[in-house]
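Here is a friendly walk through one protein chain, from its overall build down to a few single residues. Keep the 3D view open and follow along as you read.

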Amino acid sequence: MMLQHRILESNLGFEIWGDFGTLYDLRKLVLDAGESNSLVDYEGITTGLAYTIRKAYEGSFKQDTIRVGDDMITQYGFQVEWIPFLIQVILVRTGFSVRALNKLQRSQLLYLEHFVEITINAAFSIEFAEIIFRMEQLLGITEDKLASILDSRVEYFSGLSVQKRREQLAILIGSFHPSYQHLFSKLVGGV
């Protein structure tokens with residue numbers, strides 16, 4: 001797998017770019033995480049990510065051609081927003097935490113985690129450690145609990161300025177944890 005990112009100027013999210021094979025493998029990994037799993041809904045929000053990835057490598061979104069040696073390779077890009085994507089990645093990790101991984105799935109999951117960390121660090125270098133820490137706290141929480149509050153967090157985050165997005169992403173990710181949902185009330189209410 002070889003993924004690339006391009007951070008959006010608005011810092012609402014970023015673009016993910018990859019060739020056909022990379023995106024095909026990523027989609028399969030996302031779908032495998034929800035298969036036969038009680039923590040991740042196979043028809044839930046991770047399936048939405050898999051659908052977007054499929055539409056990307058089918059050419060429905062952005063395309064670019066790059067030269068690698070003597071070959072021309074088509075790359076496909078699609079846009080994701082920070083909060084839904086990070087929650088989807090957490091759910092993929094949660095999905096694989098309760099099932100055996102083969103070597104290929106293990107290497108792909110490690111690569112996905114690496115890609116996510118590099119991308120977060122590129123956009124939120126100062127807040128990087130806090131964001132990763134908050135994401136780690138959400139591992140093992142069922143999809144229904146995370147999905148039930150996703151829309152309110154996305155709506156709030158979308159209304160923030162670029163600087164406020166930088167400052168508050170870690171808090172918003174942390175507010176998905178049942179023990180820390182009061183953090184969101186404080187952000188919205190200013191208490």
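**The overall build**

Starting at the N terminus, the elements of the protein chain follow the order β-β-α-α-β-β-α-α-α-α-α-α-α. What you are looking at is a predicted model. In total, the protein chain has 9 helices and 4 strands.

How compact is the protein chain for its length? Its radius of gyration is 17 Å, and the globule rule gives 16 Å for 191 residues; the two values are close, so the chain is as compact as a globular protein of that length. If you turn the model along its principal axes, the C-alpha trace spans about 60 × 40 × 25 Å.

Of the 191 residues in the protein chain, 47% are buried. The surface that the chain exposes comes to about 9500 Å², with 52% of it supplied by carbon and sulfur atoms. There are 18 positive and 23 negative charges, and their mean positions lie 2 Å apart.

Contacts tell you how the chain folds back on itself. Take the contacts between residues at least 6 apart in sequence: 68% of them join residues at least 24 apart.

**Aromatic rings**

The structure contains 7 aromatic pairs. One of them is formed by Phe14 and Trp82, whose rings are tilted, with 4.7 Å from centre to centre and 45 degrees between the planes. Which parts of the chain does this pair link? Phe14 sits in strand E2 (residues 13–19) and Trp82 in helix H3 (residues 82–97), so the pair links distant parts of the chain, 68 residues apart. With a relative accessible area of 1%, Phe14 is buried, and Trp82 is buried at 1% as well.

A stacked pair can be found at Phe20 and Tyr24, with 6.0 Å between the centres and 20 degrees between the planes. Both residues belong to helix H1 (residues 20–34); because they are 4 residues apart there, about one helical turn separates them. Are these two rings buried or exposed? Phe20 is partly exposed at 43% relative accessibility, and Tyr24 is partly exposed at 40%.

Ring pairs also build a cluster, which links Phe14, Trp82, Phe85, Phe115 and Phe124.

**Phe115, a member of the cluster**

Phe115 is found in helix H4 (residues 103–123). Its relative accessible area is 4%, so Phe115 counts as buried. Which residues does Phe115 touch, once neighbours within four places in sequence are set aside? They are Leu3, Gln4, His5, Phe14 and Ile16. Phe61, by contrast, is 54 residues away along the chain from Phe115, and their C-alpha atoms are separated by 21 Å.

**Asn11 and Ala123**

Asn11 lies in the loop between strand E1 (4–7) and E2. Its phi angle is near 55 degrees, which is a positive value in a residue other than glycine. At 1% relative accessibility, Asn11 is buried.

Ala123 is a residue of helix H4, and it is buried too, with a relative accessible area of 7%. Beyond the residues up to four places away in sequence, Ala123 touches Ile7, Asn11, Trp82 and Arg166. Arg166 is 43 residues from Ala123 in sequence, while the C-alpha atoms of the two are 8.0 Å apart in space.

**Ser158**

Where is Ser158 placed? Ser158 belongs to helix H7 (residues 150–158). Is Ser158 buried or partly exposed? Its relative accessibility is 32%, so Ser158 counts as partly exposed. Leaving out neighbours within four places in sequence, Ser158 is in contact with Leu12, Glu81 and Arg165. Lys103 is 55 residues away along the chain, and 38 Å separates its C-alpha atom from that of Ser158.

**Three C-alpha distances side by side**

The table gathers the pairs mentioned above.

| Pair | Separation along the chain | C-alpha to C-alpha distance |
|---|---|---|
| Ala123 and Arg166 | 43 residues | 8.0 Å |
| Phe115 and Phe61 | 54 residues | 21 Å |
| Ser158 and Lys103 | 55 residues | 38 Å |

To finish, find Trp82 in the view once more: Trp82 pairs with Phe14 and touches Ala123.

Technical notes. Residues numbered from 1 in each chain as written. Predicted model: local features only at pLDDT ≥ 70, side-chain atom pairs only at ≥ 80, totals over all residues. Heavy atoms only, no water. Helix = DSSP H or I, 4+ residues; strand = E, 2+ residues; numbered from the N terminus. Rg over C-alpha atoms; globule rule 2.2 N^0.38 Å. Buried < 20%, exposed > 50% of the residue type's maximum accessible area, 1.4 Å probe, protein only. Contact = heavy atoms within 4.5 Å. Areas by Shrake-Rupley, 256 points an atom, 1.4 Å probe, with all protein chains shown as cover. Lys, Arg positive; Asp, Glu negative; His and termini not counted. Charge placed at Lys NZ, Arg CZ, Asp CG, Glu CD. Phe/Tyr/Trp six-rings, centres within 6.5 Å; stacked < 30°, edge-to-face > 60°.
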